[in-house]
Amino acid sequence: MTAAPTRGDLVVGRYELGEVVGEGGFAKVFDAVDTETGEAVALKYPNYEGSQNDRDIVRTYFEKEAETLAAIRAAGGHPNVMSLREVTEDEDGTSVLVVELVDGYELDDAIRRTGPLDDIDEVRQIGIALCDAMSFLHENEIVYRDLKPDNVMITHRGGTVTPVLIDFNTATGFDTGAQATDQTTIVGPYKPREVAEADATEMRQGPWSDVYSVGKILLYLLKGTVPRKDGVDPRDFGAECDPYLAEIVEKATATDYEERYRNATAMKRVLEARDPSPPPSATVRYTQAGERYTIYPGDTIGRRYADGPRSSVVIEDEEEYISTVQVQFDTDADGEWFIRDRSLNGTYVQTGGGWQRVLSEAGRERLAESGEDATDAEGNVPPELYGLREGDLVALVHPSYGVTFEFSTA
Amino acid sequence: MVAIETDVNRPYVPADGATLTATVDVEPGTGSGNEARERHILLCLDTSGSMDGAKLDQAREGASWVFGLLEPDDYVGIVAFDSDAEVVMRPQRWGDTAREDAMHRVEQLGAGGGTDMYDGLDSARTALDSLGYRPETDDAVRRVLLLSDGKDNNHEPADFRDLARDIDGSGIRILSAGIGTDYDEETIRTLGTTARGEWTHLDSPGDIESFFGEAVEQAQSVVATEASLELDAAAGVEVGEVYRALPQAQEVDVNWAGNTATVPLPDLAEREGQRVVLKVHAPARESLGEHSLVDVTLTASGERASEPIVAEYTDDNAELAAHNEAVSLDHRQTVVRTELGKGNVAAAETEVEKMTRIHGEDTAVVEEAQRQTRLVSEGGRTERENATRIVDDSRIE
């Protein structure tokens, strides 16, 4: 039996505990002061005593959260995602997460206090920030399973209302093994059908599943309640709302994922442009399989992996050289297409005569660790981004690996 | 596909008989062909003088929310009642209704006068029955959503029981909500229970919108209507103390005809398991071995599923000691919850004492029953309603 952490404790000789600011089924959160820097932080303890869950489950979820937050930090962090300072152990050997103190209210508490938001632009800004956070997580192969108002804190930063994602205990990276927690009987209104009824439907989960959740959160901001219904136009529920935003919400929450924005990046763009029409698309043809896919800015190609983030286009790859998020398509400010490599093994583009290797920074670092050098004979370092033109070929891993796509904007 | 599963607390009984507890779990299955089913929703709103202000404002918001949820093929109507009833909007197909027109009618509602809820419900039924000429109505999910903050000026709860039976008999379920502290709890409870819906207490006007919203979404997830369990008891077997445990703890009006009885069930909704608990007296038998005590058959929207309640007669003392405590606890807990819903703390305490004596006070269900009883004895209408529902937070996403 260890002493429960209490106000005034000095943890690891550095953090002075304040009040309990949150308590849930897995964790208990204190505000605290870093006595070395004077900064306000939050300390997250596994909630063994105050939870109805088994000790082992609490520990597993706590560790999962620590791993995910560490992965987010390793990827450079994101302003709309709670950041990790350190994982440590207190004097009793209990794990503690030291995280940024997100000062504000959970989104549902905030809306209960203030009522629905009248300022459409505020709703739009929150939507943009959430889309950006979801894109960031997706690109870094982290699935956030549970986007809903009580997992989002609303805080004021730089004079604007900013959402910050908290609670990563149900998020997983692609390599953490299967989850056994999806045996739910009551499904909230923030999950699209392909997630809520994963066993009963053939609809694929993918980046469009996050799009649905963000759409429902926008309706929540406008109305303060959310139905389970799909394809919701906020105006049908009596919300005062600009037509462009109403159409974005309706499209984002469509039952059929092909009618939604394909990914959070695409949804972010339409919110920024205040124009619900989806961004321009292109196609890629998987030359070995003969299949053609429509792609939108932000779409990704990756390996099918049962528990990982679902790419827009998934490829069976038993050898597992292809990453779960291998390569991402996007357009620049002039509408020109390019690819961004997200993989460890790299991607090649054949443009005109030769093949150009494109490799993410993480991929370059990994090669360097194993003593290889990605620099080619002419001394060029492979870029992370590469522009695409009509008819270019995109080969995953290596041109001889046998997974090649032909790009077209026609 | 619908399915049922029966269970008993004592799988083995002695030759001279015993009284068993049984549960019948109803699995609604998923809604194949559900899209073709229409919903006929009638909002029955109290507009008596006391509804003026926030309550009526929120009732308007609630109507607005309902309109957002409706599908084009759904039908919606509105009846308002104060000193008498008025059909504000005849049930009409939502796809043929302009939202602005419907909202205009809702905006026009004003509060004043007394409370003739009886006339309100009667008019609601008549309004829904006006769609009876359409063959689709037979399969439709038909609902009256009742909202009131007061007592009927001229009718007693018993009158409402008869009216609710009539309404239920014509295929309409009532979801009844009382708001505030002045409505007659017995009336609201009787309406929801008798017409196979649910009854709800709303603490504040802010709860009105979600009451309407959840009722409509529940109607949209219905996979089978006109559901009931037929109990066919073997000779000498007696059945009693029948309750619905899920979705809400409610006493059941069982209609016996000879050895068979019908237990009416609420409409079956997707992912909403139902449970009925009952006592079965197994008579003395000369021959040992397995005997079917009650044949249970679920009928819903023309589908059927059967499973008997069985017990094995034996003289083996080790076998006779087998006790499936969960089943016993389910029944007692349901009795406790039903009594708490009525505010009968003394009756609930008597049951809890029995539970504690038999199952021990450390049992989770016993602790929960004690906790609920304490909450109700110290609390009010909210606690009484909460006691009738089992909410397992860990299963909510």
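Two strands count as paired here if DSSP finds at least two bridges between them. Keep that in mind, everyone, as we look at this predicted model.

Let's start with one pair in chain A. Strand 21, residues 393-396, runs antiparallel to strand 22, residues 404-408, and 3 bridges join them. Within that pairing, Leu393(A) stands opposite Glu406(A) of strand 22.

Now let's zoom out to the sheet. Strands 21 and 22 belong to an open sheet of 6 strands in chain A, with the order 13-12-22-21-18-19 and antiparallel pairing. Which strands stand at the edges? They are strand 13 (291-295) and strand 19 (354-358) of chain A; each has a single partner strand, so one side of each is left without a neighbour in the sheet. From one strand to the next, the twist averages 25°.

On to the interface, where chain A meets chain B. Chain A brings 20 residues to the contact and chain B brings 15. About 1700 Å² is buried between the two chains, and carbon and sulfur atoms give 46% of that area.

How many salt bridges are counted between chain A and chain B? There are 2. One to pull up on your screens is between the side chains of Lys223(A) and Glu61(B), at 3.3 Å from N to O. As for polar contacts across this interface, the rule finds 10 residue pairs, with both residues at pLDDT 80 or more. On the side of chain A that touches chain B, the residues divide into 9 charged, 6 nonpolar and 5 polar.

That's my tour; thanks for listening!

Conventions
Residues are numbered from 1 along each chain as its sequence is written. Chains are lettered from A and ligands numbered from 1 in the order in which they are written. This is a predicted model: local features need pLDDT of at least 70, side-chain atom pairs count only at pLDDT 80 or more; totals for chains, interfaces and linings use all residues. Side-chain values use heavy atoms; hydrogens and water are left out. Helices (H or I, at least four residues) and strands (E, at least two) are DSSP runs, numbered from the N terminus. Axes are lines fitted to C-alpha atoms, for helices over the stretch in contact, and angles run from 0 to 180 degrees between N-to-C directions. Contact means heavy atoms within 4.5 Å. Buried area is the accessible area (1.4 Å probe) that two parts lose on being put together, summed over both. A salt bridge is a side-chain nitrogen of Lys or Arg within 4 Å of a carboxyl oxygen of Asp or Glu. A polar contact is a pair of N or O atoms within 3.5 Å; within protein, one must be able to donate a hydrogen and the other to accept it, and residues adjacent in sequence count only if both atoms are side-chain atoms. Ala, Val, Leu, Ile, Met, Phe, Trp, Tyr, Cys and Pro count as nonpolar, Asp, Glu, Lys and Arg as charged, and the others, Gly among them, as polar.
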